[in-house]
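Please look over the sequence and the model together before reading the points below. They are meant as a short orientation to how the chains and their strands and helices are arranged.

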There are 2 protein chains.
Amino acid sequence: MTESQSACQSVGIVAPQTARFEEVLPLRCGAHLDGYELVFETYGTLNAAHSNAVLVCHALSGSHHVAGRYANEEKDSGWWNNLVGPGKPLDTRKFFVIGVNNLGGCHGSTGPRSANPASGRPWGADFPFITVEDWVDAQARLADSLGIGSFAAVIGGSLGGMQALSWSLRYPERIRHAAVIASAAKLSAQNIAFNEVARQAILTDPDFHDGHFYAFNTLPERGLRLARMVGHITYLSDDAMGEKFGRNLHHGKAAYSYDAEFEIESYLRHQGNRFSRQFDANTYLLTTRALDYYDPAFAYGDNLTAALAAARAGFLVVAFTTDWRFSPDRSREIVYALAHNGRDVTYAEIDSAAGHDSFLLDDPQYHAVLAAWFDRIEV
Amino acid sequence: MTESQSACQSVGIVAPQTARFEEVLPLRCGAHLDGYELVFETYGTLNAAHSNAVLVCHALSGSHHVAGRYANEEKDSGWWNNLVGPGKPLDTRKFFVIGVNNLGGCHGSTGPRSANPASGRPWGADFPFITVEDWVDAQARLADSLGIGSFAAVIGGSLGGMQALSWSLRYPERIRHAAVIASAAKLSAQNIAFNEVARQAILTDPDFHDGHFYAFNTLPERGLRLARMVGHITYLSDDAMGEKFGRNLHHGKAAYSYDAEFEIESYLRHQGNRFSRQFDANTYLLTTRALDYYDPAFAYGDNLTAALAAARAGFLVVAFTTDWRFSPDRSREIVYALAHNGRDVTYAEIDSAAGHDSFLLDDPQYHAVLAAWFDRIEV
C-alpha cells in the first residue's frame, strides 16, 4: 500500500484490545450467545464530547487490524492503512477510529474457533448463524462500552458497506453518517452462486469433518483454497487481470502440464494456499451465508425505498466502474432509495480499472472524495 | 429444445459410428498416438460431388450427438438439435452434416478412459495433452475416410468455434466456409483463471488418484461437481441468472442452514451432480488445457491479422451481447483480423439476455442469420 500524499503518516505501532460482553445476545437465527468477546483496535483520541468516533466495518477476509502495524510484525500494516491515519482521508487527528473483528470471525472475536461453553471444545459448525444485523447489534454494545452514544460515521466496503447500511437502519439515532462503498443492498443470484461454489468446496472437503475438523487436528485446506481462488477472480476486473497477468507463460511456451504455467495460475494458487492456512473454514461459511441472507427490502415486499425510510444518516455511496461483483448499478439502487426518502446522499462512481478490489486501493479520485466527505463531518 | 419453425423436422432416430485410424498421429505436445478411434454421427446425404459436407465441432461438454435421438432414449436429443435438421438453419436436405467426438473425449472416441496399448489399462492421466490443432488434424483424417476433400463449412460454438477457426488456418484448401460462434482467438487471463479453479478442484480431489482413479473403482465426483458448478456460472449472464432464479428461497424465508435454500443453489448442485457422474475428469482437464493453450497469434508476435492471413474460407462470426465468457469484443478481434486480410466475413452481434449459453438456444434472430448464411453456401 502506498501513501497518496507525502504529508500522510501512519498511525504507527498499534495493539489489539478485547472487550467481553456478558449480556445475552439474541440472534436472528433464533439462537443466542450467552456472552461473547470482540477484538478491536482504535486509532486517534476520543474527544471530550465523544462525538468523533468512526467505526470501520470489515469485509469477508478483513479484521479489526485496519491501520498501523504490530510491534513484532514489520510488514503487515492494516488493510485500510492507506485510508486511516494522520493527514489521510479518514484523519486520526480529527477522528477516533475503531476497527472490530466481527462476531463469528477468526481473528480473535468469539467465533467457531472459540470454546463452546456447553462442551469446552471449539464451536466449529455448531456456532450459530450470524447475520449482518447481528454483527451490528454486537458492535453497538462495543460502542456502549467505549462510551460512544453516536458515531460520527460508520464506513465499510463490500460486506462492510452492508454493515454501514444496516447500522443506519437499526440504530438511526446512533449514526450521523454512513459510507457504503463497493457494496449492494442484497446479493444477486450470481453473487450467491459464487458463494455457493466456495461453500461446496469447503463442505465437501473430506478434511472438513462436518465442521469439526479442529478435533481431527486437520484443516479443510483444499476447500478453503478453492473458495479463495474463485473469490479472487470476482475481486478483479477482466481487464485488470489481463493487464496484470495477460497470457504470460513461465517457460515462454506451453510446457504441456497442469503445473502453474500461466502467471494467473501461480497468483491464484499463491493466494489460495496462503488463505487456506490462515482463515477459518466455518467463519468463511457463516460469513458468505450472512451475505446471502442480507436483504433489508425483503420485509418490505422488495421495496428498497420503504426499507431505507428509517435511515437518518447522511450517506456517501461509492462504486467503481469495473466492479462486476457489486456493479455501480447496485450502488445506484441504494442512492435512488435514499434520495426518494429525502436523505442527504453523495454518490461517487469512480473510474477505476481494478474491479471490486478498488475499494482497498488509494486511487487519488476515490481518496479525494473520501477526504472531502470526512472533512465536511462536524464533530 | 423447441423448434423455431413448425415446418422443421427432426433428423429422427440416429446411431453413432466408429472410425478407426491406424496411421501414427503426431501431437503438438511432442507425443503421438499410434492409432485412434473417433465416434461420429452423420445427418443428411453426401452428394455425388462430395461437396455438401458440414462438420460440427463441439465445445467442452458436447459430443458427436448433435441432432436427432437414439432409438432407446426418448428424451435425449442432440445438443444442437434445434439447428440441424430438415428445414432447420443447417438444413439436412441440402447438407451432409457430421458430428464427431473429439480425440481425448469421453463419449466414445479414444481418450483417457480408453485402454493404453502399452499397459492394457486405461490411459488416465497418461493420455497425452491434446491441442485444438490436434483435434483438427484428427478430424481431417475422418474427412479423408468419408471421401470429403473439402467441407462446405465447419461450424462450432465456444471451443467449437476455435476448431472452426483452426480448420481455416491448418487446411485452408479443405474448408470453404467457417462459422465461429461465441468464441475467441485465445482465452483471457480471467478465462484461464476459471479453468484453473476447475482443474484444481479435480486435481486436489483425493478420489482423483493422480488421474488413475479408474484403477481404484472411484470417481473424483467432488472435483468434477465443483468444476461444473463454477463453469455454469460463466455460461449464464448475471441478468439471465437473476431472471431465472432471483433470490427465491425454497422455504420463503431464511432457514439458516447450508442446504440449498436459494433456487440458484439447487440448480448448480443438480448440474454439478449430474455432470460429475457422467463426464471424465481427465477429459475435463485436457480439454480446458487445450482451451488455455489455443493462441494462433502466439507464433506471430501476438499479431492476429498475420496469424489469420492463411485463411481462405468465407466466415460467419457471431457474438451475443451478454456473453461475458467470450464477449463480443473477442469476436470483433477475429472479424477485424479477417477483414484486414480481405476475407469475406459476416459479423452478427445478437442481442440476447442468455449469456454464453445463447449459442445453444434457438433465438429467432440468431437462427435467421445462420439460415441465411447457410442458404448462401453453394454445394
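The briefing below takes up the relation between the two copies, then a sheet in chain A with one of its strands, and finally two helices.

The model is a predicted one, and the values given here were computed from its atoms. Chain A can be superposed on chain B with an RMSD of 0.0 Å, and chain A contains an open sheet of eight strands.

**The two copies**

- Laying chain A on chain B takes a turn of 180 degrees, with a shift of 0.0 Å along the axis, and the two copies are therefore related as by a two-fold rotation axis.
- Both copies use the same surface, since 100% of the contact residues of chain A recur in chain B.

**The sheet of chain A**

- The eight strands of this open sheet follow the order β1-β4-β8-β5-β9-β10-β11-β12 in chain A, and their pairing is mixed.
- At the edges stand β1 (17-21) and β12 (345-350) of chain A, each of which has a single partner strand, so that one side of each is left without a neighbour in the sheet.
- On average, and with direction ignored, neighbouring strands of this sheet are turned by 20 degrees against each other.

**Strand β8 of chain A and its partners**

- In strand β8 (residues 96-100) of chain A, five of the five residues are buried, and the strand is therefore largely enclosed by the rest of the structure.
- Both faces of β8(A) are covered, with Phe96(A), Ile98(A) and Val100(A) buried on one side and Val97(A) and Gly99(A) buried on the other.
- Strand β4 (residues 36-43) of chain A runs antiparallel to β8(A) and is joined to it by four bridges; Tyr43(A) has Val97(A) as its bridge partner in β8(A).
- Strand β5 (residues 53-57) of chain A pairs with β8(A) in the parallel sense, again over four bridges.
- Within β8(A), Phe96(A) stands opposite Ala53(A), while Ile98(A) is the bridge partner of Leu55(A).

**Helices**

- Helix α2 (residues 159-170) of chain A lies across β5, β9 (153-157), β10 (177-181) and β11 (314-320) of chain A, and α2 runs at about 150 degrees to β9(A).
- In chain B, helix α3 (residues 189-203) has 15 residues, which at 1.5 Å a residue should span 21 Å, and the 20 Å between its end C-alpha atoms agrees with this.
- Of the 15 residues of α3(B), 14 are buried, so this helix is largely enclosed by the rest of the structure.

Conventions. Residues are numbered from 1 along each chain as its sequence is written. Chains are lettered from A and ligands numbered from 1 in the order in which they are written. This is a predicted model: local features need pLDDT of at least 70, side-chain atom pairs count only at pLDDT 80 or more; totals for chains, interfaces and linings use all residues. Side-chain values use heavy atoms; hydrogens and water are left out. Copies are superposed by least squares on the C-alpha atoms of residues with pLDDT of at least 70 in both. Contact means heavy atoms within 4.5 Å. Buried means under 20% relative accessible area, exposed over 50%, partly exposed in between (1.4 Å probe, protein chains only). Two strands pair if DSSP finds at least two bridges between them. The expected span of a helix is 1.5 Å times one less than its number of residues. Axes are lines fitted to C-alpha atoms, for helices over the stretch in contact, and angles run from 0 to 180 degrees between N-to-C directions.
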